[in-house]
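Subject: Structure for you to look at

Dear colleague,

I am passing on the structure below, and I would be glad if you could look through it before reading my notes.

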Amino acid sequence: MGWTRKVLRVNLSKGTCASEPLNMEWAQKYLGQRGLASRYLVEEVNPKVDPLSPDNKMFFATGPLTGTAASTGGRYSVITKGALTNAIACSNSGGYFGAELKMAGWDMVIVEGKAKKPVYLLIQDDKAEVRPADHLWGKSVWETDALLKSEHHEPQMRISAIGRAGESGVMYACIVNDLHRAAGRSGVGAVMGSKNLKALAVRGTQGVKVHDFPKFMQAVTAGKKVLAANAVTGQGLPAYGTQVLMNVINETGALPTRNHRDVQFEGAGRISAEAMREKRVTDGKANLVRNQACFGCTIACGRISQIDKTHFTVANNPKYWGAQGGLEYEAAWALGAATGVADLEALTYANYLCNEQGMDPITFGTTVGAAMELFEMGVLTTKETGGVELKFGSAEALTKLAEVTGMGEGFGKEIGLGSKRLTEKYGHPELSMSVKGQEFPAYDGRGIQGIGLAYATSNRGACHLRGYTIASEILGIPEKTDPLVSAGKAGLVKAFQDATAAVDSSGLCVFTTFAWTLDDIAPQIDGACEGGWTAARLLEMGERIWNMERRFNLDAGFTAKDDTLPKRLLKEAAKTGPAKGKVNDLGKMLPEYYKLRGWSPEGVPTNETVTRLAL
Amino acid sequence: MRYVLIGAGPAGVVAAETLRKADPGGDILLLGDEPEPPYSRMALPYFLVGTIDEAGTYLRKSETHYDDLGITFRHARAVRIDPAGKTVALEGGESVAYDRLMIATGSRTQRPPIPGIDLPGVHPCWTLADSREIVRRAAPDSRVVLMGAGFIGCIVLESLIKRGVKPTVVEMADRMVPRMMNAAAGGLIKKWCATKGIEVLTSTKVTAIEDTGEARDPLRVLLDRGAPLRAALVVVATGVRPNIAFLEGSGIETDFGIRVDSHLKSSVDDVYAAGDVAQGPDFMGGWSVHAIQPTAVEHGRIAALNMADGNASYQGSLAMNVLDTAGLVSSSFGQWQGVESGESVERMDEARFRYTRLEFDGERLVGAICLGRTDQIGMLRGLIQSRVRLGDWKARLMEDPQRISEAYVASTHK
Amino acid sequence: MLKSLHIDPGKCTLCMQCEMACSYENEGLFNPAKSRIKVFDFHDRFVPYTCTQCAEAWCMSACPVDAISVDHATGAKVVSDDLCVGCKVCTIACPFGTVNYNHDTGKVIKCDLCGGQPACAEACPTGAIAYVDSDWTGYDKMRRWAGKTDSGAAQAHA
Ligand SMILES: Cc1cc2nc3c(=O)[nH]c(=O)nc-3n(C[C@H](O)[C@H](O)[C@H](O)COP(=O)(O)OP(=O)(O)OC[C@H]3O[C@@H](n4cnc5c(N)ncnc54)[C@H](O)[C@@H]3O)c2cc1C
Ligand code: SF4
């Protein structure tokens, strides 16, 4: 158990829904969520497929711990071939939707084909139905959420939907559930939009069982104690959220600023966690209202914010006055430092719009950053931007672009391409701060060497969550390594990547690993699932998943050449801070990484590796 | 102090128990004219199905419950009351004296005056005795005609279905549960019945019942429209009337039931009334008989407190019912018909048999109907009865009436 | 001294651990839909909500078959599955909406304080739910609220 052992297969072209048994042989090899759904993807989807064509499929997958009492056990992932990257995409989200899907009795929903007209998928326990969504098309995520709940007389229903961004082909559109939790990266929402699928609406009342309840409860209780006792998960994250990092990373000299031209942002303090807690002069209230947990989470790092009603962005728009999902670190960085905007309220507003219309704030913010650079170079002018003075630091420009991009209008259409396609279009591909088409998150590879390698080798394009070496290089978890030193980072990156792949397949949140090792996680999985799960087995599984994803990308046409970083990180040295004078040492780290992975110098898993991992 | 309580239904029993608490030394006599220990009519449908046996319908499960509390329970029927002499005359000639009297004699089924209504096989479903008879006749697969699709009729219908009989429902009004549901909700219940293979004839009257003398389904039920129906059993559920006939000449004021004030006292000193027999203040400022169990027990409790020299005043009864019709749960509360110059909102999902309607008077909720929803429905009572001002939540409910629970918690847990 | 559940919405993070603990304790699996405690989401405030075991006990008195009784050790009003016939009258009689019908069993469910060790309070990571001496709770807001809904007797014999 842990698994419901049921998969819902939805064919949008035919409008059909069918239940099928979960492939338990694969479940024993790939556990759930990321690993298991990727296994299905590899089996069923041609790696060369156009991500936006009907032949691409989407997998909404829970893990065996999703919907259980395990702390943070509420995650689900969307696996598909990414619109933004053309690589394997796996976007992970919290909130309550994943648990609801599991409670309805499903491990996974597979979406195939393309509907002729807009539709949504309604799941009420065992019953599933593809229904017309003409009335929802053109609506935001928030409106869709309210309409579906009301229409179905189910205030308890959980909804995962795309907004206007996903409908209008924003390449980094995301899928938003529970109003402000997102399967955010790689354009999974654009894929959903291309299928004319507006939303999944789920109500589950069947509950979730695990294999061995007493054993499971014991492991879960022990795990919760570890999280509570840990300084990061027990105090830092609940109080400050991931935003706790803003000042820390800035001081490290690894806060990419103005499209990575700088590595420190003079406005960092004004957009930090500390700033969110400060009382505003205008209304005496803080931006941060409180923290919120996702399903089952005993950390509760989520931010609930309230915007300053007098701020220019919302002064005449009461719709945005209520409490909403606030800034996480990556969003605050991308919307703020990457664009040079130090106006906390403007960032909060732009973040609301990203949630409301369903777009990834990391790619959106960094694309705006790239466009600002093009504008300052004179490549882009107000003629293209529709009159927007696209200057670094302009809160007006940022929020205006968030509005038009979310709606898929005007210059927003170009921003909706993402930085790679945008800069290519204007003849400066070197200005896209991305790997495999996906933009960097909030750590600079010059000031933190290991993360550079993690970006270059990430299977879904630049990403911090595929191998969060920041834990070691900055926070000293599990042990401190020097961020400026590249030696030894290949092994570190591999270890993080493999362990993370295992966590991402379980239903748990990767943030638990600030406190948990696989030794804390294995007993919980072992209590939930039959088959005997140890830390060693999980780690090996993680490596298997990593190699499986890699092979999908190689078959999709990626090569070792794509395991690289933009010139700016490799050639232009950091100008200030502790990393002053440094570039990223990718050239040194990558060959070692390939070797450790058991890959050829061309980055291809060798036969021994394939055999060893039983791929 | 000597208390006499006439009628050992829920109102009488709760009153006796409350009296015992409020007046530990008082002398309490509880009279009931049915042969069984005090039982609950509400439980009869479950006895019909076989979920419980007769003992399962008893209001209190311990055999010595009344003795333990020092309550004297007697099988006896009151035939007359003499308020001047403060006595109650019992059938058989005996008379008992009281200092304080409670009348909790409940109600009885009203049989419509049509030919054949007294034939064997034609039964109300009101007492345990009736129920035994129904159980005997409603064999699986036999045909049963249910006269009246009111609240009680529908509850009995549920039991009949579970017994495996083939029921046909004949209702005079144009919809089911006309006194609990509006047209939309009643229509939806009827539609639901149709999907379950239950025939419901609305706007139809039974004109006569005949005995054909045949072995199988001997009764023939004639209708004012359409072909006659055959049946082994006709269950009469065409409405009830308070048991007040024996009060004639006592000087106790009656209207539809016994008129009582907000202390549940009748027009005569030291005489109180409670339950189905009492016509007391209702929540909307009128005077009503609300023949439902919650009202009976509230009446019983409050009347008893006042009988024991307390000073409890009644806010008024609220009509409310919950009904399960072959698996479709419906409920209604308060002024579900709405009030003058009030506002209302409704949502219907016909395919899934869901319906919610809310009635407002200004910022307050005054009535509601729900179909297909069971979670936290008690909050509707809470919202109506506490007369809470909904503030912003009024608008939100107008937008999405399903958000009742949120509205409740938000407006009561500030 | 009887204990009661003390709820502090200010601390609640909407993690639902309480709902899972409750459903596990009572139903043997994780199923918030069957939880006796329910956490409400007001976007900026999360309110755990369950039966306060109020003195008036509308559910108990409305029950036609005496299926709800007081556990004298805890003061909890407890539903007996053996006696409950599923008539649902308690679900409308309780003005707090804390007695709910369970379609799967055909009976009603409500908080019974887990016989004196409420699983929700044990599972709550933030202390938003605590099981403390009744006096400590200063008799919850909810009980004051009970007074407003009372049909009238509270003033008489309080
Ligand atoms: C089949 C059925 C289903 C029901 N379902 C519901 C439901 O789901 N929800 C709900 O709220 N209500 C329901 N009711 C109604 C509910 O049972 C009554 O409202 C409740 O019983 C009223 O209680 P009472 O004590 O006032 O009267 P009763 O329960 O009628 O008790 C009165 C008692 O007094 C006796 N009596 C009468 N006259 C005399 C006399 N002269 N001397 C001595 N004793 C006398 C009667 O025989 C009876 O035993 C249902 C009723 C029936 C029949
Ligand atoms: S366990 Fe505590 S913090 Fe979590 S939802 Fe319940 S009350 Fe809130």
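The notes below deal with the cysteines of chain C and then with some strands of chain B.

This is a predicted model, in which local features need pLDDT of at least 70 and side-chain atom pairs count only at pLDDT 80 or more, while totals for chains, interfaces and linings use all residues. Residues are numbered from 1 along each chain as its sequence is written, chains are lettered from A and ligands numbered from 1 in the order in which they are written, and side-chain values use heavy atoms, with hydrogens and water left out.

Over all chains there are zero disulfides, a disulfide being a pair of cysteine sulfur atoms within 2.5 Å. For C:Cys87 the closest cysteine sulfur is that of C:Cys90, and at 6.1 Å it is too far for a bond. C:Cys94 is likewise in no disulfide, since the nearest cysteine sulfur, in C:Cys59, is 6.2 Å away. C:Cys87 is buried at 13% relative accessibility, and C:Cys94 is buried at 5%, where buried means under 20% relative accessible area (1.4 Å probe, protein chains only).

In chain B, strand 23 (residues 328-334) has seven of its seven residues buried; strands here are DSSP runs of E, at least two residues long, numbered from the N terminus. Strand 23 of chain B runs antiparallel to strand 22 (residues 320-325) of chain B, joined by six bridges, and two strands pair if DSSP finds at least two bridges between them. Within this pairing, B:Phe333 is the bridge partner of B:Met320. Strand 23 of chain B also pairs antiparallel with strand 26 (residues 364-371) of chain B, over five bridges, and there B:Ser331 stands opposite B:Cys370.

Best wishes

Methods. Buried < 20%, exposed > 50% of the residue type's maximum accessible area, 1.4 Å probe, protein only. Helix = DSSP H or I, 4+ residues; strand = E, 2+ residues; numbered from the N terminus.
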